[in-house]
Amino acid sequence: MTRIEDLSRSLVVLEQNSTVIAVVEMSASSWLVGGLVPGIARRPMKKLTPDPEALLQLLQRWREEAQRVGRAIGRMVLAYEIGRDGFWLARWLRERGVEAYAIHPASVAVSQEHKRAKTDRLDVELLQRVFLGWLRGERDHCSMAAIPTLEEEYARRPGRERELLVGEQTRLINRMKSAMARLGIRGFKPQLRKAAERLAGLRTPEGVPLPPHTLDEIRRDQERLALVRAQIKAIEQAREQRLQQAPAQDWNAMILFLARVVGLGIDTADTLVQEVFRRAFRDQRAVASYVGITGSPRQSGSKRREKGLTRSGNARVRRALIQLTWRFLLFQKGCALVQWYQARVAAKGVRKSTMIVALARKLLVALWRMVTTGAVPAGLKLRPAA
């Protein structure tokens, strides 16, 4: 069974007199490193170029300074806020004997003053306080991100690239339709294969052909659209080849199992597995919280209200899940989850848009249980195994 880490606090006893603690405020041009060194009264702070070797040398120098004053250093820990640089630095440092952690930026509480000062030095001091509290085992100081392996991190890239390309495809089609609408031409479908052949024969309501500049613009957009479609097809073919070559290897079996659900395609199955189900979750609440489909209550005294979804989780999965839930109502009418939804929306005053989110949450948990424990929801229709 996969071990589930509690990333809200450290479970290792902190021996501060034998531990070098460092935090890094990272930017594109420089890194500001702050340290807590045993036996050194001052809190050293050093600005470096974005160079991991220089960072490692700085940590070794601080370790030697602590040893010179009689402290036996057995542990070096470092943390930085996760951002554009990703997880490569944490993996690189862990290979060299440094405990490296990535802090969720949203989990760090900041001052709510109207005009608070913000500098890299102040940010380093704030990170030092929250990281020290986390190392002591105190909850709610900050939350750490799970450090994925290089293989796990880049297994998500094809699906994310495909999503971007699909959005680019839609943008190009809408751009060409808008260009036609400005000329009064309706009904032209630029996504069809023979659309390029029809361009020369199109006429505006005034009976004149398309202006030369507009015609050239649409042809260039058609070329871009063809390129985007070719790239989408290449990604899909590579995924299909991977699934066919090793259907039982790694997470491919989970994707193929999910794709057997009627109404759930291979694209959605790949997104759910790579983005959600590859992770180890504590329970069903953690699954829903990761996707951001849990509530955000606000209570003060006798006042109590719901502010809606938190939307703090994986927005990519949330969009795919809501679309899947609407399809689920069409293809899985005999499923117990769909019947639960129909019974709720039949009541007077219940909004479908509210209940569809509740159904999406139940569906996500049910699919998670299905791929982890094999428990198939009652009434769920599955395609026969290949």
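This is a walk through the predicted model above, from its sheet to its cores, a pocket and a few single residues. Since we're looking at a prediction, local features need pLDDT of at least 70 and side-chain atom pairs count only at pLDDT 80 or more, while totals for chains, interfaces and linings use all residues. Residues are numbered from 1 along each chain as its sequence is written, and side-chain values use heavy atoms, with hydrogens and water left out.

Let's start with the sheet. Six strands make an open sheet with mixed pairing, in the order β3-β2-β1-β4-β5-β6. At its edges sit β3 (45-48) and β6, each of which pairs on one side only. Strands here are DSSP runs of E with at least two residues, helices are runs of H or I with at least four, and both are numbered from the N terminus. Two strands count as paired if DSSP finds at least two bridges between them. As a reminder, sheet strands pair through backbone hydrogen bonds, either parallel or antiparallel.

Take β1 (residues 19-26) as your anchor. On one side, β1 runs antiparallel to β2 (residues 31-36), joined by six bridges, with Ile21 opposite Leu36. A hairpin of four residues links β1 to β2. Moving outward, β2 and β3 are antiparallel too, with four bridges between them, and Gly34 stands opposite Met45. Now go the other way: β1 and β4 (residues 75-81) pair in the parallel sense over six bridges, with Val23 facing Ala79 across the pair. Next, β4 and β5 (residues 99-103) are also parallel, over five bridges, and Glu81 stands opposite Ile103.

How covered is β1? Eight of its eight residues are buried, where buried means under 20% relative accessible area, exposed means over 50%, and partly exposed is in between (1.4 Å probe, protein chains only). In a regular strand the side chains alternate between the two faces of the sheet. In β1, Thr19, Ile21, Val23 and Glu25 are buried on one side, and Val20, Ala22, Val24 and Met26 on the other. As for β5, four of its five residues are buried, so the rest of the structure largely encloses this strand.

On to the nonpolar cores, meaning sets of buried Ala, Val, Leu, Ile, Met, Phe, Trp, Tyr and Cys residues joined through side-chain atoms within 4.5 Å. The largest one has 42 residues, and the members that touch the most others are Leu258, Leu264, Leu272, Phe277, Leu364 and Leu367. The elements giving two or more residues to this core are α8 (252-259), α9, α10 (284-291), α11, α12 (336-345) and α13 (352-373). The largest share, 13 residues, comes from α13. If you click on Leu364, you'll find it touching Leu272, Phe277, Val287, Ala288, Val291, Ile293 and Leu321, leaving out residues up to four places away in sequence; contact means heavy atoms within 4.5 Å. A separate core of 29 residues includes Met76, Tyr80, Leu93 and Ala102.

Next, a pocket. On a 1 Å grid over the protein atoms alone, a pocket is an open set of points where a 1.4 Å probe fits, with protein on both sides within 12 Å along at least five of seven lines; its lining residues have an atom within 4 Å of a point. The second largest has a volume of about 420 Å³, that is, the space filled by probe spheres set on the points, which are joined across faces, edges and corners. Of its 19 lining residues, Arg162, Glu163, Thr271, Arg316 and Ala320 lie nearest the centre. Helices α5 (157-182), α9 (266-277) and α11 (315-331) each supply at least two lining residues. By class, the lining has two nonpolar, six polar and 11 charged residues (Asp, Glu, Lys and Arg are charged; Ala, Val, Leu, Ile, Met, Phe, Trp, Tyr, Cys and Pro are nonpolar; the others, Gly among them, are polar).

Arg162 lies in α5 and is buried, at 19% relative accessible area. Beyond its neighbours within four places in sequence, Arg162 contacts Ile232, Ile235, Glu236, Arg239 and Asp267.

Two loop residues round things off. Ala155, between α4 (150-154) and α5, is partly exposed at 23% relative accessibility. Setting aside neighbours within four places, Ala155 contacts Gln274 and Arg278. Asp140 sits in the loop between α3 (120-135) and β6 (144-145) and is exposed, at 73%. Its phi is near 70°, a positive value in a residue other than glycine.
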